[in-house]
Amino acid sequence: MPVLSLDAIETMARDALVKSGASTAIAASVARSIRAAEADGFSGIGLGFLPVFLSHLKSGRVNGTAVPQLERRAAAIVHVDAAQGFAQPAMDVGFPALIEAAKACGTASLTITRSYSAGVLGHAVEELATHGLVALAFTNGPPNIAPWGGRVPLFGTNPMAFAVPRSEALPLVIDQSASVVTKVALLQKARANEPLPPGWALDADGAETQDPQAALQGSMAPFGGAKGAAIALMGEIFAAVLTGAQFSFDAKPYGVTDAPPLDIGQFFVVLDPAAHAPDFAVRLEKLLQAMLAQDGVRLPGDRRYRLRRQAEEKGVEVDAALIETLRA
């Protein structure tokens, strides 16, 4: 497969977005997120997902010229209306105000509504952690997970992400969905007509299945059974109920081009550790070093940082057919 530098990936993504109807500023913001996804090994949410972005720009499912609107609802509460545009520009607008509020109040929150896919949610909380803040985020999306005991998908995979700053290292990042795997991974198996690993999905009757086509007619399995389904519910409450965004069960799948805007939400809560525990950094490192003292233990996020360093030095392999699709 061809190997592209991260700069080349970002340029290709930005050009494709502009030619599909995005403004220069919005295309630059989204292209940076695609570059970051590719660098960390999330190709399915990077260039692999870009054709969906482009089709939605052309059909109007996402507004490529949206101007996010910032509102300070209280000293520690920030709100951004993404105006049916991409989530990344909305975060670009909301984060400075969120950081300022957290530094002033010790804790602050940001709600984003009328939004679109947030991409790799872990990158957003990592950015907040570089400002010395502990960050927790939730987002919802089209329905893929049934409530526990049910059969019909009601929740999105509803990713959640957490990041914490470290004094002499990159932030610790935890980034996971409420499902066993991402929807992108399941779709890749379906396109290749490959059987699913056990535990990935349920069919329309709620029985576990390894048939990807049956899975697409059923539900993705929540991680940890009922506990994962409860996490999906929690994410829906944060990302949809608290933000005022559309519920997952009302959103059409990403694969549908001719449909109304996604209108989903993102929720962030951040804390200034210095305002809560003056010795936070020391205590955090004591905890992490106790973990690392055991053979075989690695910290969450270590793999993505390793892949990032490798991508910065050597570039990223990109499928030739995907490159041609994007150029076309």
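**Warm-up: a loop residue**

Asp-263 lies in the loop between helix H8 and strand S11 (264–271). Helices (H or I, at least four residues) and strands (E, at least two) are DSSP runs, numbered from the N terminus. You are looking at a predicted model, in which local features need pLDDT of at least 70 and side-chain atom pairs count only at pLDDT 80 or more, while totals for chains, interfaces and linings use all residues. Residues are numbered from 1 along each chain as its sequence is written, and side-chain values use heavy atoms, with hydrogens and water left out.

**Exercise 1. Find the backbone angle phi of Asp-263, then do likewise for Asn-193.**

Step 1. For Asp-263, phi is near 60°, which is a positive value in a residue other than glycine.

Step 2. Move to the loop between helix H6 (183–192) and strand S8 (201–202), where Asn-193 sits. Phi of Asn-193 is near 55°, again a positive value in a residue other than glycine.

Step 3. Check the surroundings of Asn-193: with 60% relative accessibility, this residue counts as exposed. The classes are buried (under 20% relative accessible area), exposed (over 50%) and partly exposed in between, with a 1.4 Å probe and protein chains only.

**Exercise 2. Place two prolines, Pro-197 and Pro-147, in their loops.**

Step 1. Pro-197 belongs to the loop between H6 and S8. Its relative accessibility of 29% makes Pro-197 partly exposed. From its C-alpha atom to that of Thr-182, 15 residues apart along the chain, the separation is 13 Å.

Step 2. Pro-147 is found in the loop between strand S5 (134–139) and strand S6 (160–164). At 27% relative accessibility, Pro-147 is partly exposed. The C-alpha atoms of Pro-147 and Ile-34 are 31 Å from each other, and 113 residues separate the two along the chain.

**Exercise 3. Which parts of the chain do the salt bridges Arg-35 to Asp-7, Arg-166 to Glu-285 and Arg-304 to Asp-175 tie together?**

Step 1. Begin with the total: there are 12 salt bridges in the structure. In a salt bridge, a side-chain nitrogen of Lys or Arg is within 4 Å of a carboxyl oxygen of Asp or Glu.

Step 2. Arg-35 and Asp-7 meet through their side chains at 2.6 Å, N to O. Arg-35 is in helix H2 and Asp-7 in helix H1 (residues 6–19), so this pair ties together parts that are 28 residues apart in sequence. Arg-35 counts as partly exposed, at 25% relative accessibility. Glu-10 joins in as well: Asp-7, Glu-10 and Arg-35 are linked in a network of salt bridges.

Step 3. Next, the side chains of Arg-166 and Glu-285 form a salt bridge of 2.9 Å, N to O. Arg-166 is in the loop between S6 and strand S7 (172–176) and Glu-285 in helix H10 (residues 280–292), so parts that are 119 residues apart in sequence are tied together. Both Arg-166 and Glu-285 are buried.

Step 4. Last come Arg-304 and Asp-175, in a salt bridge of 3.2 Å, N to O. Arg-304 lies in helix H11 (residues 302–314) and Asp-175 in strand S7, so the parts tied together are 129 residues apart in sequence. Arg-304 is buried, with a relative accessible area of 7%, while Asp-175, at 28%, is partly exposed.

**Exercise 4. Which helices each supply at least two residues of the lining of the second largest pocket?**

Step 1. This pocket has a volume of about 370 Å³. Among its 20 lining residues, the closest to its centre are Ser-33, Gln-88, His-123, Ala-124 and Glu-127. A pocket is an open set of points on a 1 Å grid over the protein atoms alone where a 1.4 Å probe fits, with protein on both sides within 12 Å along at least five of seven lines; lining residues have an atom within 4 Å of a point.

Step 2. Helices H2 (24–39), H4 (87–105) and H5 (121–129) each supply at least two residues of the lining. The largest share, 6 residues, comes from H2.

Step 3. Turn to H5, which is mostly covered, with 8 of its 9 residues buried. His-123 and Ala-124 are among the buried residues of H5.

Note on methods:
Grid points are joined across faces, edges and corners, and a volume is the space filled by probe spheres set on the points.
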